[in-house]
Amino acid sequence: MAVWTRACKTGLLELLLRERWVRVSAELTGETLSLTAEPGTGDPSVVNGVVNGNAEAAAPGGVRRVRVVKAEAGGLGISIKGGRENRMPVLISRIFPGLAAERSGALRLGDAILAVNGVDLRDATHDQAVQALKRAGREVILEVKFMREVTPYIKKPSLVSDLPWEGAAPQSPSLSGSEDSGSPQHQGPRDRKVIPLKMCFAARNLSMPDLENRLIELHSPDSRNTLVLRCRDTATAHAWFSALHANITALLPQVLAELNATLGSGSPTAGGREVKHIAWLAEQARLDGGRQQWRPVLMAVTEKDLLLYDGMPWTRDAWASPCHSYPLVATRLVHSGSGRRSPALGSELTFATRTGSRQGVEMHVFRVETHRDLSAWTRVLVQGCHAAAELIKEVTVGCTLGGQEVQLSIHYEGGFTISRDEPGSCVLFRYPYERLKMSADDGIRTLYLDFGGPEGELALDLHSCPKPIVFVLHTFLSAKVTRMGCWHRCPSPLALSPPAGGHRGPPTLSCPIGALLGLGSLP
C-alpha cells in the first residue's frame, strides 16, 4: 500500500446540526477531526452589540428593549433559568424554533430579562418571572442584557458535543413552547466534538445534493451516522476534503495490521486468509421505479475472496458475517474509468465487477472519490484475482457428458481433464490450454468446449448455472497471460461472457488461446 502524508489543517466551517447550519472551528490532525462551536453559534448575528431584529439600539450598559408579538397559537417560545433563589438573574436558556421569540430575531441565549412590560424582574424569583411572562399578553416588551459570563451554565438546544457518532442514538430536542423551570447546570466551557478518523468515510455528493460543490460528508465507521460540513467556496471544500481523505487513507495500513492480528493467521473467517485491502466506497443501488442512488459500502479483499459489509467489522463475529462474499477466482473487473455525471469536480469515478454464481452473473457498480482510489482498487482486484488463481490451482465440478457422469477439472498449470466419476476412474480427455479452440455456454446449465479433437465439440451438462466455471476459466487464462507478459499483445480482452439471452450462442472467446499464450496459432 502506498505511503500517504498526513495533513494538518484548521479553519472555520459550518456543521449541519439538527437541520440548522452551525458555525464551528475545525482542526484536522493525523488521526482526529475536532469541531468546536463558535461563540454565539445558533443565535442571531450580533453587530456592534445589537442583535439584528426588532430591538432598539443598546442603551449604556448593553440594555436592549425587544418587542415580541405572539402568534395566535403558541407561546413566547423561550425557557428561562435562574432567579433570586439561585443567586442569578433570570436568563433565557432556550429559544424554540418557529415560535415568536425566534421569529423576532432579537433575543439570544444568555440574555438576562430585566423587565417584562415594565415589570422589574431584577430581584424576582424564578416563579415570579414565569408568572410575569405568562401575564404579559400577546405583545411583550422585554428589557434584556446579554450576560456572557453565565452562558457556560445554559444548555444550548444544538450542542456540537452531543453530535451522535459511532452508532450512538441521536438525541431529539424538546419542542415544547412553554416556559420551564429549573436551576442552571454547568455544561463545561467548550462545546466540542473530537471525531477519530480511523475507518471513517469522506465523500462528496453522496447522501445529499451539493449543487454548489461546497459540502463534505463524513460517515461513521458503522455507517449509522453522517456529519455534513459546508465550506465557504468550492476551492475550500476541495482542500478540506483532500486533507480528510488523505488522513483517513494514511490510517489504513494500521487498520489492516490490527484487523489481521484480530483475525489471526489461518482463522476460519469469512475470507479465511490474510486481508489485503479494505476501504469505504459507494455502491450503486437500484430503487423502485428504476431510480438509482449511491450508498456507502465497505469492501475488503483477502487472498481468496471479495467481501462487502455495511459497517466496519471490528470483531471476528462481525467479520464472519459479510453482506456479500464472492470468490475472487470467479470475479472479474469489467469497467474502470469515468462516468457521465460528477459528484464534485470532474467525472464520477466508477468501476464494476461481475461474479459468476449459481444464480447467474452478479454485477456491482462502485464509485470512488479520487483517481488514486480508482487506480488502487483496479490494481487490487486484478492482481487479487490472478493471485487467487495461482493459490487455488484447480477447480473440479461434477457434470454429465454423453449420458455418463464425469468430472471436469481445470488446473491452473495443467489445463483441462475430463474423467469418469467413479473409483479408479479413467481419463477420457486431457488437453492443455493452447488446445482450446472455442468455448461457449447457454447461461442455464451447459458448457461447450471445443479442443479441435476428433470428438468434436463437448457439451457438458453442469446440472446448474455454468457461470462460476466460466469465470474461473477466464481468471485462469487471464492470470497465465499476464504472468507470461503477453497481455499487451492481445488485440482485445478475453471475453467469456455468454451471448445475450438464455440460449446457446456462438463461442465467446475472443482470441485463440494458442496465439494469446504465444504457443502458435490455431486454425
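## Burial and the cysteines

A residue counts as buried when its relative accessible area is under 20%, as exposed when that value is over 50%, and as partly exposed in between. On this scale Cys465, with a relative accessible area of 9%, is buried, whereas Cys426, at 33%, is partly exposed. The structure is a predicted model, and the count of disulfides in it comes to zero.

## Confidence in the model

The chain has a mean pLDDT of 80, with 77% of its residues reaching 70 or more. Over residues 487-523 the pLDDT is below 50, although the model gives this stretch 83 contacts beyond near neighbours in sequence. Residues 340-346 likewise stay under 50 in pLDDT, and for them the model has 15 contacts beyond four places in sequence. Where pLDDT is low, the predicted coordinates should not be read in detail.

## Aromatic pairs and a cluster

Across the whole structure a search finds eight aromatic pairs. One of them joins Tyr309 and Trp319 in a stacked arrangement, with 5.3 Å from centre to centre and 25° between the planes. Tyr309 belongs to strand 18 (residues 305-309) and Trp319 to helix 5 (residues 316-319), so this pair ties together parts that are ten residues apart in sequence. Both partners are withdrawn from the surface by the burial criterion: Tyr309 is buried at 3% relative accessibility, and Trp319 is buried with a relative accessible area of 0%.

The rings of Phe351 and Phe366 also have their centres 5.3 Å apart, but their planes stand at 35°, so the pair is classed as tilted. This contact links distant parts of the chain, since Phe351 lies in strand 21 (residues 349-357) and Phe366 in strand 22 (residues 360-368), 15 residues apart. Phe351 and Phe366 are both buried. Elsewhere, Phe416, Tyr431, Tyr433 and Phe451 form one aromatic cluster.

## Charges over rings

Two contacts place a charged side chain over an aromatic face. The charged end of Arg108 sits over the ring of Phe146, at 3.8 Å from its centre, while Lys480 lies over the face of Tyr412, at 5.4 Å from the ring centre.

## The two sides of helix 2

Helix 2 spans residues 126-134, and within this helix His126, Ala129, Val130, Ala132 and Leu133 are buried. Viewed down the helix axis, these buried residues fall within an arc of 165°, so they line one face of helix 2. An α-helix has 3.6 residues a turn, so residues three or four places apart point the same way.

The face of helix 2 turned away from the buried side carries the exposed residues Asp127 and Lys134. The elements that cover the buried residues of helix 2 include strand 7 (78-83), strand 8 (88-95), strand 9 (111-116) and strand 11 (139-146).

## Positive phi in two loops

Where in the chain does Asn117 have its place? Asn117 is in the loop between strand 9 and strand 10 (119-120); its phi is near 50°, a positive value in a residue other than glycine, and its relative accessible area of 36% makes this residue partly exposed.

Met199 has a phi near 65°, again a positive value in a residue other than glycine, and is placed in the loop between strand 12 (192-196) and strand 13 (201-203). Is Met199 buried or exposed? With a relative accessible area of 1%, Met199 is buried, whereas Asn117 is partly exposed.

How values were computed: Residues are numbered from 1 along each chain as its sequence is written. Side-chain values use heavy atoms; hydrogens and water are left out. pLDDT is the predictor's confidence in each residue, from 0 to 100. Contact means heavy atoms within 4.5 Å. A disulfide is a pair of cysteine sulfur atoms within 2.5 Å. Buried means under 20% relative accessible area, exposed over 50%, partly exposed in between (1.4 Å probe, protein chains only). Rings of Phe, Tyr and Trp (its six-membered ring) pair if their centres lie within 6.5 Å; planes under 30 degrees apart count as stacked, over 60 as edge-to-face and the rest as tilted. Helices (H or I, at least four residues) and strands (E, at least two) are DSSP runs, numbered from the N terminus. A charge sits over a ring if NZ of Lys or CZ of Arg is within 6 Å of the ring centre and within 35 degrees of the ring normal. The arc is that of the directions from the helix axis to the C-beta atoms.
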